[in-house]
Amino acid sequence: MSIPPEAWSFAERHQRFFKFKQCLAAGDQSPCEGQIVRAHIIPRFQLKQIAKSGHIVAVPTSLLAIMKMQRTGFEAQEIGVGEFSTMNCFCAGHDKALFAPVEDAPLIFSSEQLALLHYRAIAAEFYQRNSQLESAESELDYQSDEPQNARFVWISMWNDKASEEANYALVHTERLIATRRFEDIGSLVVRFDAQPAVMAAGAFRPQYDFAARRLQDLRDICCYVAMHLLAADGRTVLAFTWLRRDSAAGRFAQTFAALSREQMASVAVQCAFEYVEHTCMSHSWWSDLRRPMRAALLERVRRASSLSYRRSPRCLSYRIRYAGWRVAGIR
């Protein structure tokens, strides 16, 4: 089934908003230096650890790719390391100065590194939500007497709310980093005794925790949790981060910590595919999964890409053994 011309035209207009260049760190009173760079949400040196011939495997995230897959089926594809998880949201000077502790030093998940990882994930979320908001707003004509397109009104309304909540988290995190109050960023770090195979970085507003209990209603004021599935010393590390003042986010992490250690790796994979757009994997790990397991993960991405998706309380409950990584430590 081909994409209708009007949908194709909208997709092209939509993508232009994700090419907009803005330094989100400009509010820290220090001047920007250099051009806006395509900042990696997952550091390039991290991606190279699971890449094969310079490529990782991921589900494409552009609107045009999603529209095509909605007609042909969702699939994971090889994507170049240089093209994955990039956004135009920091100038060269701020990107270098801000993230040097996580880019130019070994990743040990210190309090400072966790705060910076949290900041970058929240910045990416704000950029994404704000771009979606502006794209939807561009399709609405409030000066017209004609009824507005309900689809774009809905997209605008929800992304306006999410953008505002992400901006609050971004500004507050920036202040904590500027005053070196890293302890005000909560964290749960789980180290696995396994080579990296899946990587993810992003922020989201969880509706339910890992015990299938409601955490927050998206119609109310919500808080963000950031997820980082990365590597340190050649081993997989999962870190959840949040603002300590956000009690719902803290409860979310507590329910993960309460899981059976045998389930943690698989539930982490489920969570990444359920919520985190910037999720990728090694070719060998993906190809070694049985077809029904790959289909189950792709179905999570398909549902999350739908405007009509309503999450189940059990969306993060353990379902399938996707990974058998042994837990080496939790803090």
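Me: Which residues of helix 4 meet helix 5, and which ones in helix 5 do they meet?
Reply: This is a predicted model, to say that up front. In it, Leu98, Phe99, Pro101, Val102 and Glu103 are the helix 4 side of the contact, and Glu112, Gln113, Leu116, Leu117, Tyr119 and Arg120 are the helix 5 side.

Me: What's the mix by class there?
Reply: The contact of helix 4 with helix 5 has 7 nonpolar residues, 3 charged and 1 polar.

Me: Where do the two helices run in the sequence, and at what angle do they cross?
Reply: Helix 4 covers residues 92-103 and helix 5 covers residues 111-138. Their axes cross at roughly 125° and come within 9 Å.

Me: Ok, so why is helix 4 called oblique to helix 5?
Reply: Because angles of 65 to 115 degrees count as roughly perpendicular and those over 145 as roughly antiparallel, the crossing at roughly 125° falls under oblique.

Me: And is that crossing left-handed or right-handed?
Reply: Left-handed, for helix 4 and helix 5.

Me: Switching to cysteines. How many disulfides are there?
Reply: The count is 0.

Me: What's the nearest cysteine sulfur to Cys222, then?
Reply: That of Cys223, at 7.1 Å. A disulfide needs the two sulfur atoms within 2.5 Å, so Cys222 is in none.

Me: Is Cys222 buried or exposed?
Reply: Cys222 is buried, since its relative accessible area is 7% and the cut-off for buried is under 20%.

Me: How about Cys315, which cysteine sulfur is nearest to that one?
Reply: The sulfur of Cys271, 8.3 Å away, and Cys315 is in no disulfide either. Cys315 also counts as buried, at 5% relative accessibility.

Me: Now backbone stuff. What's the phi of Arg180?
Reply: About 55°, so positive, although Arg180 is not a glycine.

Me: Why would a positive phi catch the eye?
Reply: Because most residues other than glycine have a negative phi.

Me: Where does Arg180 lie?
Reply: In the loop between helix 6 (150-178) and strand 5 (185-192).

Me: Buried or exposed, that Arg180?
Reply: Exposed: its relative accessibility is 51%, and the cut-off is over 50%.

Me: What about the phi of Ala212?
Reply: Ala212 has a positive phi too, of about 65°, and is not a glycine. The loop that holds Ala212 runs between strand 6 (198-204) and strand 7 (225-232).

Me: And what's the relative accessible area of Ala212?
Reply: Ala212 comes out at 23%, so it is partly exposed.

Notes. Residues are numbered from 1 along each chain as its sequence is written. This is a predicted model: local features need pLDDT of at least 70, side-chain atom pairs count only at pLDDT 80 or more; totals for chains, interfaces and linings use all residues. Side-chain values use heavy atoms; hydrogens and water are left out. Helices (H or I, at least four residues) and strands (E, at least two) are DSSP runs, numbered from the N terminus. Buried means under 20% relative accessible area, exposed over 50%, partly exposed in between (1.4 Å probe, protein chains only). Axes are lines fitted to C-alpha atoms, for helices over the stretch in contact, and angles run from 0 to 180 degrees between N-to-C directions. Angles under 35 degrees count as roughly parallel, over 145 as roughly antiparallel, 65 to 115 as roughly perpendicular and the rest as oblique. A crossing is left-handed if the near helix is turned anticlockwise from the far one by less than a right angle, and right-handed if clockwise. Contact means heavy atoms within 4.5 Å. Ala, Val, Leu, Ile, Met, Phe, Trp, Tyr, Cys and Pro count as nonpolar, Asp, Glu, Lys and Arg as charged, and the others, Gly among them, as polar.
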